[in-house]
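The following exercises introduce a structure step by step. Please attempt each task before reading its solution.

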Amino acid sequence: VPAPANGRLLGAATDLVAEIARGVPTATLEVWWTRPASAPVCVNRSIAMMRSPVARVNDGAFAHRVAELLLEGARRVLDGTADTSSTSGDVSDLANAGPLATRAIADRQRAAVPLGVADAVRFVRRRVTGALVARAHSRLWSIGYRRSRDESPHEAFARLSESELLVPPAGTAWADPFPVRHEGVDLLFFEEQQELGRAARLVCAELLDDGRLGTVRPILESVGHVSYPNVFAWQGEWFMVPETASRGVVSLYRATEFPHRWQHECDLLTGIALVDATLLERSGGWLMLATRITADDVALEETVAFWAPTLTGPWQPHTRNPLVSDAYRGRPAGRFLEHEGTLLRPAQDSSVLYGHGLSLQQVLDFTPDRWREVTLAHRTADWAPRLDGVHTFNRSSTLTCIDVARRVPRWPG
């Protein structure tokens, strides 16, 4: 980093250290670029929830990301790729900030003063209450669906609260639903975790006309933890790119007997741990979006992309990786959607906790050298008691599917 930018980076890092030393229980850290006579621009954001009023973070992603976040902010400023669409909230507190500034947001509000005794008491009480709730409840995922023929993605996204829940057996979690309409039948591909802590497997079931789920049959297991069964048709055959980050590969599977028998076709990428790989075919090649995870299985809040001339590769990284560095929209949440000439993508909001909500993004410009998107809508699972998460949004010609996290008491009564 050139010397002038290096000085700004040091100043921003100093501001960050001051925030942490004060013990601000932040939800996100934001890096901003400020220029005279111009509106401040949020360059990128990362989760930074504090476990206690000391320099110890709750989210491992933040511990891994502090240096990368600031360096990435400096790079985007220097090469002119700062995303001007990623502003958030009141920016008046940045009026007198240096060219590169950081700020920490607590509960989406600026924590502007050091913690006093009363603040510390409230902070400890909130943390203790949260710990007790977490200890008394499990967070289990269920699938929601709604029949939505001839409906735009925007309308479907606005009506998530009307979803019917498919509740799994006790102690089982269902997540990452990918619906498919095949020969007049509605099929659901999804992740099933039969016991918390155990590796998940991929399963498939028919959604019957009366809203019941047919027999749940495994389609991929015994390859470590698998999830996100991204199923799609191409050249008259069915393919699937599941999440296999535990093996450090992105693999392609082909159906030999759709929908229940699949065989490994090839590895698209090796030596890299990616989650939620989402593919799109365009004239001239294929695009893949995904999110990196660290060696200790912590997902970073950023979107990385890869390009390939054909589905089987070779896949090359996008020159602007990461395309998005933002806790509010940095992780894919389902298939790309196309509507009336616009390209949309759902994204996860993990700014408060994993799977907190969803954003619907419109992709304005993308090439192997460019990426630009805007946020059209945002939803959280606030429409029913005990719901505290939603992190997948997928559609077929007849269904809209989501998954929601439910707080379930660990003990009866």
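**Exercise 1.** Is Leu-269 buried or exposed, and what is its relative accessible area?

*Solution.* The model is a predicted one. The first step is to take the relative accessible area of Leu-269, which is 11%. The second step is to apply the cut-off: a residue counts as buried under 20%. Leu-269 is therefore buried, because its relative accessible area is 11%.

**Exercise 2.** Place Leu-269 in its strand and describe its surroundings.

*Solution.* Leu-269 belongs to strand β14, which covers residues 261–270. Leaving aside residues up to four places away in sequence, Leu-269 touches Gly-248, Val-249, Val-250, Leu-274, Met-288, Phe-306 and Trp-315. For Val-250, the separation along the chain is 19 residues, while the C-alpha atoms of Leu-269 and Val-250 lie 5.1 Å apart.

**Exercise 3.** Which residues have the most contacts inside the largest nonpolar core, and which strands each supply at least two of its residues?

*Solution.* The largest nonpolar core consists of 20 residues, and those with the most contacts inside it are Phe-232, Leu-268, Leu-279, Met-288 and Trp-315. At least two residues of this core come from each of β11 (227–234), β12 (237–243), β13 (249–257), β14, β15 (274–282), β16 (285–292) and β17 (302–308). A separate second core has 17 residues, among them Leu-187, Val-231, Tyr-253 and Phe-258. Returning to Trp-315, its contacts beyond four places in sequence include Leu-268, Leu-269, Leu-279 and Met-288.

**Exercise 4.** Determine the strand order of the open sheet of 4 strands and identify its edges.

*Solution.* The order is β6-β5-β26-β25, and the pairing is antiparallel. The edge strands, each pairing on one side only, are β6 (164–166) and β25 (387–395). From one strand to the next, the twist averages 30 degrees. Within this sheet, β5 (residues 137–147) and β26 (residues 399–409) run antiparallel and are joined by 11 bridges. As an example of bridge partners, Arg-139 is matched with Arg-407 in β26.

**Exercise 5.** How many helices and strands does the protein have, and what percentage of its residues count as buried?

*Solution.* The protein has 4 helices and 26 strands. Of its 413 residues, 54% count as buried. The exposed area of the protein is about 18,400 Å², with carbon and sulfur atoms supplying 52% of it. Finally, considering contacts between residues at least 6 apart in sequence, 55% join residues at least 24 apart.

Conventions:
Residues are numbered from 1 along each chain as its sequence is written. This is a predicted model: local features need pLDDT of at least 70, side-chain atom pairs count only at pLDDT 80 or more; totals for chains, interfaces and linings use all residues. Side-chain values use heavy atoms; hydrogens and water are left out. Buried means under 20% relative accessible area, exposed over 50%, partly exposed in between (1.4 Å probe, protein chains only). Contact means heavy atoms within 4.5 Å. Accessible areas come from the Shrake-Rupley method with a 1.4 Å probe; for residues, only the protein chains shown count as cover. Two strands pair if DSSP finds at least two bridges between them. Axes are lines fitted to C-alpha atoms, for helices over the stretch in contact, and angles run from 0 to 180 degrees between N-to-C directions. A nonpolar core is a set of buried Ala, Val, Leu, Ile, Met, Phe, Trp, Tyr and Cys residues joined through side-chain atoms within 4.5 Å.
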